[in-house]
Amino acid sequence: MTNTQGAAPASAGHSVLVVPVPELETYVLERTRHYDDSFVSTDPAFVHAHITLLAPFIASPTSEDLRLVGKIAAAAPAFDFVLEDVRLFAGGTIYLHPEPMEPFSALTTELSAVFPQCPPYAGLFEPVPHLTVDHIAGGVDLGSTRTALAPHLPARCRADRISLQWYANHDCRVIDEWPLGGPSDG
């Protein structure tokens, strides 16, 4: 995302495995529009609010790659979690910390083991389960974000699926989805 005063460089795109968080979609969609509306999806299945499990993922996954993700999703039960704790990463990203975070960490660990060619965040950062809600810039700070989020928190959420999403300027969309604890094709 970039500030509305500057144009974002065009993105060739990348895929990500996420847990959608529709409970906070309205808030995250508004912040996405604020920073760069070229990342606002027209795909009705796409949920902008999410907790990343593995990114970047394979650009062109094979049917075997998709089967393996489905197998991991089928083996993991759906679970409830709460988003209430607003935190700040050192780089200025403001996020919500999920409680419990362990089920997200477990899914990331499993996916990373099956897809070692896709280390979380390209190996640049330790994977910390979170839902990004804003960035320190242009008058936005931790206090203003806490105030803006107050009507939405605590958010009582349900992780019920893994979504494979594509992110690119003017082309954010769902590629595939698998229910947690659901049927597997393998």
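This is a short presentation on one protein structure, covering a central strand, its nonpolar cores, some backbone features and the largest pocket.

Good morning, colleagues. Please keep in mind throughout that the structure is a predicted model.

I shall begin with strand β2, which runs over residues 50–57. Is this strand enclosed or not? Seven of its eight residues are buried, so strand β2 is largely enclosed by the rest of the structure. Its partner is strand β1, residues 14–20, and the two pair in the antiparallel sense over five bridges. To find the pairing on the screen, look for Val19, which stands opposite Ile51 of β2.

Strand β2 also contains Pro56. The peptide bond that leads into this proline, from Ala55, is cis, with omega near -10°.

I turn now to the nonpolar cores. The largest of them has 41 residues. Which residues make the most contacts inside it? They are Leu17, Phe57, Phe81, Leu83, Leu96, Leu131 and Ile162. Let us take Phe81 as an example. Leaving aside residues up to four places away in sequence, Phe81 touches Val21, Ile51, Pro98, Glu99, Pro100, Phe104, Ala155, Arg156, Cys157, Arg158 and Ala159. Ile51, which we met opposite Val19, is thus among the contacts of Phe81.

A second core of eight residues is separate from this one, and includes Val16, Phe46, Ala55 and Val174. Ala55 therefore appears here as a member of the second core, and the cis bond to Pro56 starts from that residue.

Within the second core I would draw your attention to Phe46. This residue sits in the loop between α1, residues 25–36, and β2. Is Phe46 buried or exposed? Its relative accessibility is 4%, and because the limit for a buried residue is under 20%, Phe46 counts as buried. Its contacts, again without residues up to four places away in sequence, are Glu25, Ser41, Gln165, Trp166, Tyr167, Cys172, Arg173 and Val174. Another member of this core, Val16, is 30 residues from Phe46 in sequence, and their C-alpha atoms are 12 Å apart.

Next, some further points on the backbone. A cis peptide bond also joins Glu99 and Pro100, with omega at about -5°. Pro100 belongs to the loop between β4, residues 93–99, and α3, residues 102–114. Both Glu99 and Pro100 are among the residues that Phe81 touches.

Two residues have a positive phi although they are not glycines. One is Ala122, with phi of about 55°, found in the loop between α3 and β5, residues 131–135. The other is His170, with phi of about 60°, in the loop between β7, residues 161–167, and β8, residues 173–179. How accessible are they? Ala122 is partly exposed at 48% relative accessibility, while His170 is exposed, with a relative accessible area of 68%.

Finally, I come to the largest pocket, whose volume is about 970 Å³. Its lining is made up of 25 residues, and those nearest its centre are His50, Thr52, Tyr121, His130 and Thr132. Which elements give two or more residues to this lining? They are β1, α1, β2 and β5. The largest share, four residues, comes from β2, the strand with which I began. By class, the lining has 13 nonpolar, 11 polar and one charged residues.

To conclude, strand β2 links several of these topics: it pairs with β1, holds Pro56 and gives the largest share of the pocket lining. Thank you for your attention.

Key
Residues are numbered from 1 along each chain as its sequence is written. This is a predicted model: local features need pLDDT of at least 70, side-chain atom pairs count only at pLDDT 80 or more; totals for chains, interfaces and linings use all residues. Side-chain values use heavy atoms; hydrogens and water are left out. Buried means under 20% relative accessible area, exposed over 50%, partly exposed in between (1.4 Å probe, protein chains only). Two strands pair if DSSP finds at least two bridges between them. A nonpolar core is a set of buried Ala, Val, Leu, Ile, Met, Phe, Trp, Tyr and Cys residues joined through side-chain atoms within 4.5 Å. Contact means heavy atoms within 4.5 Å. On a 1 Å grid over the protein atoms alone, a cavity is a set of points where a 1.4 Å probe fits but cannot get out, and a pocket is an open set with protein on both sides within 12 Å along at least five of seven lines; lining residues have an atom within 4 Å of a point. Grid points are joined across faces, edges and corners, and a volume is the space filled by probe spheres set on the points. Ala, Val, Leu, Ile, Met, Phe, Trp, Tyr, Cys and Pro count as nonpolar, Asp, Glu, Lys and Arg as charged, and the others, Gly among them, as polar.
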